[in-house]
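Trainee: Could you walk me through one part of this protein in detail? I would like to see how a single helix sits among its neighbours.

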Amino acid sequence: MSNLKTCSKCGETKPREEFTRNKSKRDGLSSPCKACRKAYKVANREKINEGKRKYYADNREKAREYQETNREKIAERKRKYYAANREKINEGKRKYYADNRGKITKQKREYDAAHREQRRNYKEANREKVAEQERAYRQAHPEKARAKGSRRRAAKRNALHPEHDLKREQWLHKLARRLERITGEPWHVDHIVPLAQGGWHHHDNLQIIPAKWNCQKQANAFWEPASPCPPWFRVPDIDDFASGKPRAKHLPN
Ligand SMILES: [Zn+2]
């Protein structure tokens, strides 16, 4: 068999690798070349998506049946694809999120507002189940739960800084839990300038201190730590986040 084929669209003669496979064709290759197929897809994106949507709407039952009977196969295919393209996928997500930050937040807010009633009804009807799920989530992700709680409280007081980095706060809560395990006493993520005194809920205004200090601090505006930090403890600073993957490197294991 010749290694060349002529494209039905652009008329160029190209090597077989330049054509996608198509079992229904006699030579096993699609008629237009890859470049032409791609150009068509780009030029007709809207039309193609509309067609897909319509097909899906017309064949919803069939699609659902396929999904149900091939659950394992589909999951396996997704896993494989993700494993092979992890970097590309994550990079794409990061880029999309960075480019559309405002849009995404707005959509989320709108979706939340539109479904508030529905959510409340569901919660009401499934009180036990929801409570159990929430408990399990808090247990599995205590630092996320704590960060969420403190962010909510700050938002209530209008003290939530727009550039607050939730990831950093979560990391501080994680660190606090680790300190609890090491020292055997509770630690708090604390506002350096208290919210009550006009401090922002912002990652640079957060520190980790023993819980007993926190209580003294609240009782006394001219607060001084009563006991010194453990000698190995250093309040995490901006450099700990420079790598993008903060590590509690200054903590003993
Ligand atoms: Zn072509």
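Mentor: Here is a close look at helix α8 and the parts around it.

Before we zoom in, keep in mind that this is a predicted model. The mean pLDDT of the protein chain is 84, and 84% of its residues reach 70 or more. The protein chain has 10 helices and four strands. Two strands come at the start, then nine helices in a row, then two more strands and a final helix, giving β-β-α-α-α-α-α-α-α-α-α-β-β-α. Of the 253 residues in the protein chain, 11% are buried.

Now to α8 itself, which runs over residues 142-156. Is its length what a helix of 15 residues should have at 1.5 Å a residue? The expected span is 21 Å, and the end C-alpha atoms of α8 are 21 Å apart, so the two agree.

Next, look at how α8 is covered. Its buried residues are Arg146, Ala147, Ser150 and Ala154. Viewed down the helix axis, these buried residues fall within an arc of 100 degrees, so they line one face of α8. Turn to the other side of α8 and you meet Gly149, Arg152, Ala155 and Lys156, which are exposed. As for what the buried face touches, the buried residues of α8 pack against α9 and β3.

It helps to set α8 beside the helix α7, residues 127-140. Helix α7 has 14 residues, and its end C-alpha atoms are 20 Å apart, in agreement with the 20 Å expected at 1.5 Å a residue. Its cover is another matter: α7 has zero buried residues among its 14, so it is hardly covered.

Follow the chain out of α8 and you come to Asn158, in the loop between α8 and α9. Asn158 is not a glycine, yet its phi is positive, at about 60 degrees. It counts as exposed, because it has 8 C-beta neighbours inside 10 Å.

The two partners of α8 deserve a look of their own. Strand β3 is largely enclosed by the rest of the structure, because five of its five residues are buried. On one side of β3 are Trp187, Val189 and His191, on the other His188 and Asp190, and both faces are covered. β3 also runs antiparallel to β4, and five bridges join the two strands. Within this pairing, Val189 stands opposite Ile208 in β4.

Helix α9 and strand β3 also meet in the largest nonpolar core, which has nine residues: Trp171, Leu172, Leu175, Ala176, Leu179, Trp187, Val189, Leu206 and Ile209. Two or more of these residues come from each of α9 (166-183), β3 (187-191) and β4 (206-210). The most come from α9, which gives five. So when you follow the buried face of α8 to α9 and β3, you arrive at two elements that contribute to this core.

One caution for when you browse further along the chain: pLDDT stays under 50 over residues 244-250, where the model has seven contacts beyond four places in sequence. Where pLDDT is low, the predicted coordinates should not be read in detail.

Note on methods. Residues are numbered from 1 along each chain as its sequence is written. This is a predicted model: local features need pLDDT of at least 70, side-chain atom pairs count only at pLDDT 80 or more; totals for chains, interfaces and linings use all residues. A residue is buried if 20 or more other C-beta atoms lie within 10 Å of its own, exposed if 12 or fewer, and partly exposed in between; C-beta atoms are placed from the backbone. A nonpolar core is a set of buried Ala, Val, Leu, Ile, Met, Phe, Trp, Tyr and Cys residues joined through C-beta atoms within 7 Å. The expected span of a helix is 1.5 Å times one less than its number of residues. The arc is that of the directions from the helix axis to the C-beta atoms. Two residues are in contact if their C-beta atoms, placed from the backbone, lie within 7 Å. pLDDT is the predictor's confidence in each residue, from 0 to 100. Two strands pair if DSSP finds at least two bridges between them.
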